[in-house]
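Here are a few exercises to work through with the model open beside you. Try each task before you read its solution.

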Amino acid sequence: MNIILLGPPGAGKGTLANKIIEKKDAVQIATGDIFRYNISNKTELGVKAKSYMDRGDLVPDELTIDLVWDAFDKHKDESKEGKIILFDGFPRNLDQARALDQGMEERDQKIDHVVYFDVAEEVLIERIAGRRVCTNCGATYHVKNNPPTKEGICDRCGEELIQRDDDKEETVKNRIDVYKEHTAVLIDYFKEKGILFSIDGTNSPDEVFEEFLNKLGE
C-alpha cells in the first residue's frame with residue numbers, strides 16, 4: 001500500500017509516520033531526511049539543496065524526483081507484498097504529483113490514499129519555531145512541548161541543541177507561504193481522484209494515529 005502524507009510543515013506528518021512504522025509494517029520515504037542526509041555528508045546534491053532549504057524555498061523538482069524514486073525502488077516489491085510505503089514531503093506541487101502518477105504507472109503501482117493534515121497556521125509556526133535539534137546525535141526537542149532536562153543541552157548525549165536555519169520563525173512563515181502557493185492545490189488534485197481524506201493535525205499523536213486507522217477502515 002502506498003500512502004501520501006500531505007500537509008504544511010509542522011503539521012505532524014513525520015510523527016504520524018513514526019507511529020505507523022512502530023505499529024504497522026511500514027517504511028517512510030521523507031524528502032526532508034533524504035536532503036538532510038546529503039547535506040550532512042556534503043554531497044553535491046546536499047550543497048545545492050542546502051542553499052534552497054536555508055531560505056525556506058522548495059528544492060527544485062529535478063533534484064527531488066530522482067532521489068524519491070531511488071528510495072522507493074528499494075521497497076517497491078515490499079509494497080506489492082503488503083508493506084505500507086509512506087511518502088512524507090512528496091509530492092509538493094502538481095508537476096511532482098504528475099511525475100509520481102507516471103512513475104507509479106510505469107512500476108505497475110498506484111497511490112492508495114492521501115492523508116491531509118488540517119492545522120491552523122499559528123499552531124504550525126509555534127511547533128516549528130520552538131523545535132531544537134542536537135548537533136551530535138540528531139535528537140529533537142521543543143522548547144514548550146518537549147524541552148530537554150537542561151536548557152540547550154541534549155538529554156541523550158549532552159551536546160548542544162540548536163535551532164536549524166529552516167526552523168527560524170521568518171523562514172517558517174516563508175515555508176508556509178510556499179506551501180500555500182505550490183502544495184495546497186494538491187488537495188483538489190487528489191480529492192478529484194477520490195483518494196484523499198483529512199485528519200485533525202492539532203490532536204495528540206495517539207489521537208491522530210487512531211483517526212488514521214479509522215479512516216483507513218481498520
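**Exercise 1. The aromatic cluster**

Which residues do ring pairs link into a cluster?

Solution. A quick word on the ground rules: this is a predicted model, where local features need pLDDT of at least 70, side-chain atom pairs count only at pLDDT 80 or more, and totals for chains, interfaces and linings use all residues. Residues are numbered from 1 along each chain as its sequence is written, and side-chain values use heavy atoms, with hydrogens and water left out.

Step 1. Rings of Phe, Tyr and Trp (its six-membered ring) pair if their centres lie within 6.5 Å; planes under 30 degrees apart are stacked, over 60 edge-to-face, and the rest tilted. The structure has four such aromatic pairs.

Step 2. Take Trp69 and Phe72: their ring centres are 5.7 Å apart and the planes sit at 80°, so this pair is edge-to-face. Both belong to helix α4 (residues 61-73), three residues apart, which puts about one helical turn between them. (Helices, H or I of at least four residues, and strands, E of at least two, are DSSP runs numbered from the N terminus.)

Step 3. Add Phe87, and you have the cluster: Trp69, Phe72 and Phe87.

**Exercise 2. Around Trp69 and Phe72**

Work out whether Trp69 and Phe72 are buried or exposed, and find what lies over the face of Trp69.

Solution. Step 1. Buried means under 20% relative accessible area, exposed over 50%, and partly exposed in between (1.4 Å probe, protein chains only). Trp69 comes out at 10%, so buried, and Phe72 at 0% is buried as well.

Step 2. Now look over the ring of Trp69: Arg107 lies there, 3.9 Å from the ring centre. The rule is that NZ of Lys or CZ of Arg must be within 6 Å of the ring centre and within 35 degrees of the ring normal. Elsewhere, the charged end of Arg55 sits over the ring of Tyr52, at 5.3 Å from its centre.

**Exercise 3. The two sides of α9**

Sort out which residues of α9 are buried and which exposed residues sit on the face turned away from them.

Solution. Step 1. In α9 (residues 186-193), Leu186, Ile187, Tyr189 and Phe190 are buried. Viewed down the axis, they fall within an arc of 165° (taken from the directions from the helix axis to the C-beta atoms), so they line one face of the helix.

Step 2. Flip to the face turned away from the buried side, and you meet the exposed Lys191 and Glu192.

Step 3. Check the cover over the buried residues: it includes β1 (2-6), α6 (94-106), β4 (113-118), α8 (169-182) and β8 (196-200).

Step 4. Just past the helix, Gly194 adopts a positive phi of about 75°.

**Exercise 4. How α6 meets α9**

Describe how α6 crosses α9, and list residues that meet there.

Solution. Step 1. The axes come within 10 Å and cross at roughly 35°. Axes are lines fitted to C-alpha atoms, for helices over the stretch in contact, with angles running from 0 to 180 degrees between N-to-C directions.

Step 2. Leu94, Ala97, Arg98 and Asp101 of α6 meet Leu186, Tyr189, Phe190 and Lys193 of α9, where contact means heavy atoms within 4.5 Å.
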